[in-house]
Protein chains: 2
Amino acid sequence: MKLHTYWRSSAAYRVRIALNLKGLECEQVFVSLIAGEQAQPGYLALNPQGLLPALEFDDGSVLSQSLAILDWLEAAHPRPPLLPADPLSRARVLEIAHVIAMDIHPVNNLRVLGALGARFGADAAARRDWMQHWMRLGFDAIEPRLPGTRYALSDAGPGLADCCLIPQVYNARRWGLDLTPWPNISAVEGACLDLPAFAAAAPEAQPDAS
Amino acid sequence: MKLHTYWRSSAAYRVRIALNLKGLECEQVFVSLIAGEQAQPGYLALNPQGLLPALEFDDGSVLSQSLAILDWLEAAHPRPPLLPADPLSRARVLEIAHVIAMDIHPVNNLRVLGALGARFGADAAARRDWMQHWMRLGFDAIEPRLPGTRYALSDAGPGLADCCLIPQVYNARRWGLDLTPWPNISAVEGACLDLPAFAAAAPEAQPDAS
């Protein structure tokens, strides 16, 4: 299988971490968001939505949406687990993952930033304030839900919440957000970045990093 | 258990449908978004994020995030299933659900619309154009993924994709979007609205509708 990815895409970063945690080999195909390749006919033929990432199976079929890809990974390759077996514990992990994947990331997506500029003339400072505003609200929601475990909700190992949290913290640093108000989040980030699966998935470690 | 809900919240509407499909009784607690009750201390004590819905268990613990609640419902009450057992079929249902829950709804959330007004002076027409823009992109992504089955990806019965799609189509009608370009979506809506589980979950059928 092939992962269509871009080094700085938070959503692709989530999937890279999960593939590494599962120990799965996956060819990477690089789609440059900065060059607009996601809107070119070649990529649109694979994923008409023009968003990253997309997982292409050996039969040519394509699965998009990073959290649908993570769900498939967990169901098809259950070891090591990224979600607990107990229904409520599992939902608690998804709750944190979804604060990031639904309440922060979509509102801060590249195409939304572009629309703010095109429709409302948002300049660089207004776009940065917009980014930071939604990250703050999301991190404020997550911080008290972290019980002080090594990883997001577990001491045993990282899970799906960590797969979403670490790329979002990377993005926060990139946009100049001071992380001091969220010590639990920062501690989880430190623990995750010590793991080879996370280090190898980091944006700067990708072949298409520039 | 209790569902903290508002009649016009798309995310609460998803959960109401799923509870009905599962045949589960659930007390409703009404939180008026239009009166700002989600930002009052009483509700913030339950869900500090101030978003709807929230599911309150009998022991007082609270689960937020509509798709985390749906995941819990599916794991704790598996019959009738809202997701297929096969990993890839399951992910295909989530793919559609996430186009709605990640790429349309968060960008069109009440608090985002408020921020567009407060930060960029977006007037009523600009807000409507914003809403319709993201709905169009999302519906364009979903329409070709619907194979012409009675429900989103199945003839047998509605699933998690339908739980997300029908509230989004309701919202689209509310914002004056002409649905003619998406006949598959419209047909699935018609089939779902014929079912008592969907009819009873509809916004106008709720006790707090005004």
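Me: Which residues of helix H8 (residues 183-193) of chain A are buried?
Reply: The model is predicted: local features need pLDDT of at least 70, side-chain atom pairs count only at pLDDT 80 or more, and totals for chains, interfaces and linings use all residues. Residues are numbered from 1 along each chain as its sequence is written, while chains are lettered from A and ligands numbered from 1 in the order in which they are written. A residue is buried if 20 or more other C-beta atoms (placed from the backbone) lie within 10 Å of its own, exposed if 12 or fewer, and partly exposed in between. In H8(A), a helix being a DSSP run (H or I) of at least four residues numbered from the N terminus, the buried residues are Ile185(A), Val188(A), Glu189(A) and Cys192(A).

Me: Within what arc do these buried residues fall, seen down the axis of H8(A)?
Reply: The arc is taken over the directions from the helix axis to the C-beta atoms. The buried residues line one face of H8(A), because they fall within an arc of 105°.

Me: Which residues are exposed on the other side of H8(A)?
Reply: The buried residues of H8(A) pack against helices H6 (124-142), H7 (160-174) and H9 (196-201) of chain A. On the other side, the exposed residues are Pro183(A) and Gly190(A).

Me: Which element gives the most to the side of chain B that touches chain A?
Reply: Contact (C-beta atoms, placed from the backbone, within 7 Å) joins 31 residues of chain B to 31 residues of chain A. E4, H3, H4, H5 (110-120) and H6 (124-142) of chain B each supply at least two residues of this side. With eleven residues, the element that gives the most is H4(B).

Terms used:
Contact = placed C-beta atoms within 7 Å.
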